[in-house]
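Thanks for coming. I will put the model up now, and then go through the DNA surfaces, the pockets, the cysteines and one backbone angle.

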2 protein chains.
Amino acid sequence: MTEDLMTIREMCETYDVTPRTLRFYEAKELLFPIREGQKRLFTKSDRARLKLILRGKRFGFSLEEIRQLLDLYHVGDQQLTQISRTYEIACERLEDMEARREELTQAIDDLKEQLRWGEKVIASMKQDKKAAE
Amino acid sequence: MTEDLMTIREMCETYDVTPRTLRFYEAKELLFPIREGQKRLFTKSDRARLKLILRGKRFGFSLEEIRQLLDLYHVGDQQLTQISRTYEIACERLEDMEARREELTQAIDDLKEQLRWGEKVIASMKQDKKAAE
DNA sequence: CGTTCACATTACGTGAACGTCATCTACGTG
DNA sequence: CACGTAGATGACGTTCACGTAATGTGAACG
């Protein structure tokens with residue numbers, strides 16, 4: 001069944017994207033499906049990458065930023081200096097993400113506060129309505 | 001000094017955006033600066049909104065989505081049903097954000113894992129290098 | 001009074017991220 | 001073999017979020 005290779009259609013259904021999107025990501029070198037004849041076949045690696053792409057998008061990263069992030073996960077047989085550089089970038093990214101989570105937590109707290117206020121407003125309005133009857 | 005009103009230039013410097021951006025946000029009804037003659041003057045409320053806009057952007061919300069979120073903070077003298085509806089939407093948004101934070105936490109953990117792996121690779125490569133000397 | 005700012009409006013331009021359409025190919029099926 | 005189906009390849013179109021002139025205006029300054 002899951003022969004480790006998926007057609008473009010299967011990918012689309014699994015991850016809820018269009019063929020156009022997958023071809024676009026390939027053109028941008030975010031995915032590297034292998035070819036059988038002229039058809040694309042997506043590997044396990046492509047699927048892992050796609051998940052990261054979609055996740056990145058949800059957090060407002062551009063495809064170019066995502067591409068760089070993906071490189072952090074690929075780490076082929078490069079030079080030590082290259083890997084070290086990649087490692088540094090990854091550390092910075094990690095800090096970014098942690099800062100982001102802080103901010104998100106802040107935003108959540110703010111909204112919660114706002115909701116408590118909203119509850120009070122609603123409650124008092126219900127009171128007024130009753131009193132008016 | 002901070003007379004509660006800021007010119008467009010002051011806003012730009014404070015929040016690191018261009019005049020174009022602020023006018024654009026006004027056109028999109030995200031900000032509502034008052035007018036003195038034909039000049040715009042941004043209020044405390046506009047500044048609070050702008051902060052939320054910029055924050056929303058960092059999390060990948062579209063301006064339209066942000067506009068809806070901003071409405072949650074404005075809550076004028078509406079009907080009870082309106083406020084209740086707004087309240088419900090806010091609750092849903094809150095759940096979205098909490099889910100997002102979960103996902104972000106997952107992403108952070110993934111990247112940390114990857115970094116540990118990177119450290120090992122670097123260490124072993126340094127060993128190889130030494131051995132080759 | 002002319003000029004320089006600071007800000008305004010109007011309008012066309014741009015890059016990112018796809019959507020859409022036309023056309024082509026390869027493959028299995030009745 | 002005709003035909004439908006799945007996928008491929010351009011190429012142009014679209015939306016969003018502004019950028020970038022071009023031009024106008026009102027207050028201030030030498």
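Which element gives the largest share of the surface near DNA strand D? H2(B) does, with four residues.

Before going on, some housekeeping. This is a predicted model, in which local features need pLDDT of at least 70 and side-chain atom pairs count only at pLDDT 80 or more, while totals for chains, interfaces and linings use all residues. Residues are numbered from 1 along each chain as its sequence is written, chains are lettered from A and ligands numbered from 1 in the order in which they are written, and side-chain values use heavy atoms, with hydrogens and water left out.

Let me stay with strand D. A residue is near a molecule or strand if one of its heavy atoms lies within 4 Å of it. By that rule 17 residues surround DNA strand D, and the closest are A:Arg9, A:Arg40, B:Thr18, B:Tyr25 and B:Lys57. Helices and strands here are DSSP runs (helices H or I, at least four residues; strands E, at least two), numbered from the N terminus. Helix H1 (8-15) and strand S2 (39-41) of chain A, and helix H2 (19-27) of chain B, each supply at least two residues of this surface. Its residues are four nonpolar, six polar and seven charged. The classes are fixed: Ala, Val, Leu, Ile, Met, Phe, Trp, Tyr, Cys and Pro are nonpolar, Asp, Glu, Lys and Arg are charged, and the others, Gly among them, are polar.

Which part of strand D comes within 4 Å of the protein? Sugar or phosphate accounts for 69% of those atoms, and bases for the rest. A polar contact is a pair of N or O atoms within 3.5 Å; within protein, one must be able to donate a hydrogen and the other to accept it, and residues adjacent in sequence count only if both atoms are side-chain atoms. For strand D, a polar side-chain atom of B:Thr18 is 2.7 Å from a phosphate oxygen. The side chain of A:Arg9 has an N or O atom 2.8 Å from a phosphate oxygen of that strand, and for the side chain of B:Lys57 the distance to a phosphate oxygen is 2.8 Å.

Now strand C. Here 16 residues surround the strand, the closest being A:Thr18, A:Tyr25, A:Leu63, B:Arg9 and B:Arg40. Of the atoms of DNA strand C within 4 Å of the protein, 72% belong to sugar and phosphate. A:Thr18 places a polar side-chain atom 2.7 Å from a phosphate oxygen of strand C, and B:Arg9 does so at 2.9 Å. A:Leu63 uses its backbone instead, with an N or O atom 2.8 Å from a phosphate oxygen. The elements giving two or more residues to this surface are helix H2 (19-27) of chain A with helix H1 (8-15) and strand S2 (39-41) of chain B. H2(A) has the largest share, four residues. By class, the surface near strand C has four nonpolar, five polar and seven charged residues.

Next, pockets. On a 1 Å grid over the protein atoms alone, a pocket is an open set of points where a 1.4 Å probe fits, with protein on both sides within 12 Å along at least five of seven lines; lining residues have an atom within 4 Å of a point. Grid points are joined across faces, edges and corners, and a volume is the space filled by probe spheres set on the points.

The largest pocket holds about 250 Å³. Its lining has 14 residues, with A:Arg67, A:Gln68, A:Asp71, A:Leu72 and A:Thr86 nearest the centre. H4(A) gives the largest share of that lining, six residues. The second largest pocket has about 160 Å³. Among its lining residues are B:Arg23, B:Glu36 and B:Arg40, and S2(B) gives the largest share, three residues.

On cysteines, a disulfide is a pair of cysteine sulfur atoms within 2.5 Å, and a search over all chains finds zero. Buried means under 20% relative accessible area, exposed over 50%, and partly exposed in between (1.4 Å probe, protein chains only). A:Cys12 is buried at 8%, and A:Cys91 is partly exposed at 25%.

Last, the backbone angle. Most residues other than glycine have a negative phi. A:Asp16 has a positive phi, near 55°. This residue sits in the loop between H1 and H2 of chain A and is exposed, at 69%.
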